[in-house]
Amino acid sequence: MSIRTGIRHKMRALGHAPSHLMSGLRELQDIDDETRIELYRINLRRLLIIAFSVGSLVGAYAVIFWPFTLELDSVEALWRRHIGIAHLYFLAWWIVVAFATIAIRRLPVEHVAVKALQFGVPTGGLLFCVAVTVIDQAVTPNTSPFLIGSIAIGLLMLMSPAMAATVHAVGYSAFFFALPLTQHSHAVLLSNRSDGLTISVISVLLSIMLWRKDASVIMARKAIERKNEELKRAAEHDALTGVLSRAELLRRAGAQLLRARRRGSDISAVMLDLDHFKRINDVHGHQAGDAVLVNAARLMSRSVRDTDLVGRMGGEEFMIVLPDTNNKDAVGVANKLCSSMATAAFDLPGGSSIAVTASCGVSTIGSGSGRELEWLYASTDHALYEAKNTGRNRVSNAYQLHALSTSEFQRLR
Ligand SMILES: Nc1nc2c(ncn2[C@@H]2O[C@H](COP(=O)(O)OP(=O)(O)OP(=O)(O)O)[C@@H](O)[C@H]2O)c(=O)[nH]1
């Protein structure tokens, strides 16, 4: 690439900078409250780690600058003593921060004490750095305590842009006004103040970048969780009627059967099939057929207990698994379902309504029988077949069917 082309590329990139900045600012606005709360919760956990690690570092400095063995006969000794004492105060401050963080960790992040701590720790830390820098000016023009403190806060703390700007504005103002207490050279003062300003701005930008990055990671994770939840729901439920899908119903029924065996209770099933459903489709159209299926599923779900399982096995056939229910009660449930269907008016999309009947097959696995789910399914299906064959709009009970005692069902045991 020639130098001229390179410059052209750079100029073009600079031209895009305002739009990047605007989209970055828009992303900051898009951060929802839930994500904000999570960010503050992460910060709260970090505070404890920071309190222990920075507290240990400060403790080490207090030892290095140990203030109580010095003869105060020189500026350097005085400086060392003040630095040592400042670090002892700061050590005490970190111990208080650690205890305060532990004390408030169960409070909601919106609580005023939590907010005060999240603001107070970086501000206090920065003010300590200002104090040490001011003491340092007695022997050196160096401002590294303030510079390191600012950058460390920008890197370690998770602060919203507003909080970061406030913390660094407070810190820099203290730095600006306190520096002349010990630094009397105008040139050094000017140089230090401009260095401090640069680092404060960089620290605020660093905070904003980290806040935005962590927020987008959290929001992306939440979007994936939501999508997974949707996919799980779609896999577990029938798309048209909202009741359980065939696979999910059988999976949950299997779990209920194991539970029934452990508890020594009965488990029953009702297989329900709408009568002459093909005719509804043919006469009123497929949409009307769909509406009938939706209303039938709703009626079934409303008619049984919350602990019962309602699923669509395919087409116009539904299965209802009734845990802790003996055969007599299951037949009662099936009769109730059949008569509710027969008496309900099924609304169609055009505004009209039709009457629909259903046939039901009932079967039960009694406690201690050791029968498998396949048996329950096959015997209920067989009973439904009987109900259809003997006139429809009725209930047939597998227990009363001769076929059940014969080879086909015995094999399913
Ligand atoms: N509208 C609609 N129709 C469906 C759906 N799934 C299956 N069907 C139709 O349901 C009809 C079932 O017909 P059949 O198996 O003959 O049963 P039926 O007419 O109810 O007769 P019986 O069960 O013997 O009373 C078929 O026409 C299928 O196309 C669906 O999701 N929506």
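**An exposed arginine and its partner**

Arg263 has a relative accessible area of 53% and is therefore exposed (over 50% counts as exposed, under 20% as buried and in between as partly exposed, with a 1.4 Å probe and protein chains only). The model is predicted, so local features need pLDDT of at least 70 and side-chain atom pairs pLDDT 80 or more, while totals for chains, interfaces and linings use all residues. Residues are numbered from 1 along each chain as its sequence is written, and side-chain values use heavy atoms, leaving out hydrogens and water.

Task: Find which side chain meets Arg263 in a salt bridge, and state where the two partners lie.

Solution: Begin with the contact, in which Asp324 and Arg263 meet at 3.4 Å, N to O; a salt bridge is a side-chain nitrogen of Lys or Arg within 4 Å of a carboxyl oxygen of Asp or Glu. Next, place the partners: Arg263 belongs to helix 8, whereas Asp324 sits in the loop between strand 3 (317-323) and helix 11 (327-343), so that this pair links distant parts of the chain, 61 residues apart (helices, H or I of at least four residues, and strands, E of at least two, are DSSP runs numbered from the N terminus). Finally, Asp324 has 36% relative accessibility and so counts as partly exposed.

**An arginine with two partners**

Task: Work out which residues form salt bridges with Arg252, and classify Glu236 as buried or exposed.

Solution: Start with Glu236, whose side chain meets that of Arg252 at 3.3 Å, N to O. Because Arg252 lies in helix 8 (residues 246-263) and Glu236 in helix 7 (residues 186-236), this pair ties together parts that are 16 residues apart in sequence. Then turn to Glu248, whose closest N and O atoms to Arg252 are 2.7 Å apart; Glu248 and Arg252 share helix 8, where they are four residues apart, about one turn of the helix. For the last step, compare the accessibilities: Glu236 is buried at 13%, Glu248 is buried at 8%, and Arg252 is partly exposed at 28%.

**A nonpolar patch**

Task: Name the residues that make the nonpolar surface patch of about 310 Å².

Solution: The patch is made by Leu57, Tyr61 and Ile64. Taking Tyr61 as an example, locate this residue in helix 2 (residues 33-64), and then note that Tyr61 is partly exposed, with 37% relative accessibility.

**The total**

Task: State how many salt bridges the structure holds.

Solution: The structure holds 17 salt bridges.

Note on methods. Patch = residues over 30% accessible without salt bridge, like charges linked within 9 Å, V, L, I, M, F, W, Y side chains within 5 Å. Areas by Shrake-Rupley, 256 points an atom, 1.4 Å probe, with all protein chains shown as cover.
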